[in-house]
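Work through the exercises below with the sequence and the coordinates at hand, and attempt each task before reading its solution.

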Amino acid sequence: MADAPEGRLVGRVIAMPADTNPEGDIFGGWLLAHMDLAGATPAFEIAQGRCATIAVDAMVFHQPVSVGDEVSLHAEVVRTGRTSIRVHVEAWKRSRNEARNEAVRVTEGVFTYVAIGPDKKPRVLPGTAG
């Protein structure tokens, strides 16, 4: 497992009791939604406007997240195409219940976004040959 996050920090959130599944762990969908928002940050910057998520690949849940954990989200662009942007997103947690308070990677995945025009159809990224 990685020792340090890859990509830049784009968000932080605290896991709350309302975000748990029936087993008491944080619901995977909650984490996925925050990761999608984190990946959209660099995608919006590159697209210089509206984007839509079209795919999530290689999603891996390494460890559960518990209520009270601080989740940090890191994103790094891995590829751009004519209309699309692929972003690797990692979620790291710091537990409030551990004395060392070390960050541990809990989830990672690759999100693909497409730049969207006013007609809600894919558009060419700025600086890309049409």
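Two strands are taken to pair if DSSP finds at least two bridges between them. The model used throughout is a predicted one.

**Exercise 1.** Determine in what order the five strands form the sheet, and which strands stand at the edges.

*Solution.* Begin with the order, which reads 1-3-4-5-2 in an open sheet with antiparallel pairing. Next, consider the edges: strand 1 (8-14) and strand 2 (51-61) each have a single partner strand, so one side of each is left without a neighbour in the sheet. Finally, the twist from one strand to the next averages 25 degrees.

**Exercise 2.** Describe how strand 3 is joined to strand 4, and find the residue that Ala-75 stands opposite.

*Solution.* Strand 3 and strand 4 run antiparallel and are joined by ten bridges. Following Ala-75 across to strand 4, one arrives at Val-89, which stands opposite.

**Exercise 3.** Locate helix 1 relative to the sheet strands, and establish which elements contribute to the largest nonpolar core.

*Solution.* Helix 1 lies across strand 1, strand 2, strand 3, strand 4 and strand 5, and its direction makes an angle of about 50 degrees with strand 5. The largest nonpolar core has 24 residues, with Leu-31 and Val-71 having the most contacts inside it. Two or more residues come from each of helix 1 (28-47), strand 3 (70-80), strand 4 (84-94) and strand 5 (103-115), and helix 1 gives the most, with seven residues. As a last step, take Val-71: leaving aside residues up to four places away in sequence, Val-71 touches several residues, among them Val-13, Trp-30, Leu-31, Val-65, Ala-91 and Trp-92.

Technical notes. Residues numbered from 1 in each chain as written. Predicted model: local features only at pLDDT ≥ 70, side-chain atom pairs only at ≥ 80, totals over all residues. Heavy atoms only, no water. Core = buried A, V, L, I, M, F, W, Y, C linked by side-chain atoms within 4.5 Å. Buried < 20%, exposed > 50% of the residue type's maximum accessible area, 1.4 Å probe, protein only. Helix = DSSP H or I, 4+ residues; strand = E, 2+ residues; numbered from the N terminus. Contact = heavy atoms within 4.5 Å. Axes fitted to C-alpha atoms, helices over the stretch in contact; angles between N-to-C directions.
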